[in-house]
Amino acid sequence: MGNVTVVDHPLVKHKLTIMRNKDTSTASFRRLLREISLLLAYEVTRELELTTTTIETPLTTMESPILEGKKLVFASILRAGNGLLEGMLDLVPAARVAHVGIYRDHDTLEPHEYYFKAPQDIADRLVIVVDPMLATANSSIAAVDRLKGRGANNLRFVCLLAAPEGIKAFTQAHPDVPVFTAAIDDHLNEKGYIVPGLGDAGDRMYGTK
Ligand code: PRP
Ligand code: URA
């Protein structure tokens, strides 16, 4: 699958196994998602461009690397995206944040937007879109459509779990947006849930079921 990176670090695999377990508590689920998001953030930012700056160490002057360009944007697809967002902000605290409120209708699986707020100058920044679940990809395709409509032109998408159907749909709709995921599962069931999956990410994060 082109443009898809599976982040299969042993720590990611171990933590994901605990998250999948239906007996894992809400508190543990949230903590693990935050921990995994640090490892995913490490991978998705691996290719960030660097420049150099002149600094004085206690011993000498040196040319030392710093990130080039404007601060990046994390775009969280509400609500479950916030579980990834928080950990990523721990790693990149100066990042800007966009919020895209989208829920998918349980029956039609169509996405419905209820909120959108993004930095004005998003066209000048790398935008990392985050949502734990890529199932049909209807939500993430709609979110990226919306961000591109606001001018975003350099995007990456990070999720925790992806279905093969979702990856196919997303990469067809947005071939310019690389996908990073901790795992690609087997299939979607008739209700659009990822199998084996972990259930409803938002409900498990916030204890709403
Ligand atoms: C979940 C998930 C994704 C979406 C994935 O959100 O966080 O946004 O479903 O499914 P899709 O790829 O088929 O669109 P949900 O609609 O349950 O909203 P929530 O985050 O508010 O719980
Ligand atoms: N959204 C979820 O939260 N879980 C799935 O398995 C599919 C979509």
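## Ligand contacts

In this predicted model, a backbone N or O atom of Arg79 is 3.1 Å from an oxygen atom of ligand 1. A backbone N or O atom of Ala80 lies 3.0 Å from an oxygen atom of the ligand. From the side chain of Thr136, an N or O atom is 2.5 Å from a ligand oxygen atom. Of the 510 Å² of accessible area (Shrake-Rupley method, 1.4 Å probe) that ligand 1 has on its own, the protein covers 92%.

## Shell around ligand 1

The shell holds 15 residues (a heavy atom within 4 Å of the ligand), and Arg104, Asp131, Thr136, Ala137 and Ser139 come nearest. By class, the shell has 7 nonpolar, 4 polar and 4 charged residues, with Gly counted as polar and Tyr, Cys and Pro among the nonpolar.

## Largest pocket

Ligand 1 sits in the largest pocket (more than half of its atoms lie within 2 Å of the pocket's grid points). A pocket is an open set of points on a 1 Å grid over the protein atoms alone, where a 1.4 Å probe fits, with protein on both sides within 12 Å along at least five of seven lines; lining residues have an atom within 4 Å of a point.

The volume of the largest pocket, the space filled by probe spheres set on the points, is about 590 Å³. Its lining has 28 residues, of which Ile102, Tyr103, Arg104, Ser139 and Asp200 are the closest to the centre.

## Basis

Residues are numbered from 1 along each chain as its sequence is written, and ligands from 1 in the order in which they are written. Local features need pLDDT of at least 70 and side-chain atom pairs pLDDT 80 or more, while totals for linings use all residues, and side-chain values use heavy atoms, without hydrogens and water.

Note on methods: A polar contact is a pair of N or O atoms within 3.5 Å; within protein, one must be able to donate a hydrogen and the other to accept it, and residues adjacent in sequence count only if both atoms are side-chain atoms.
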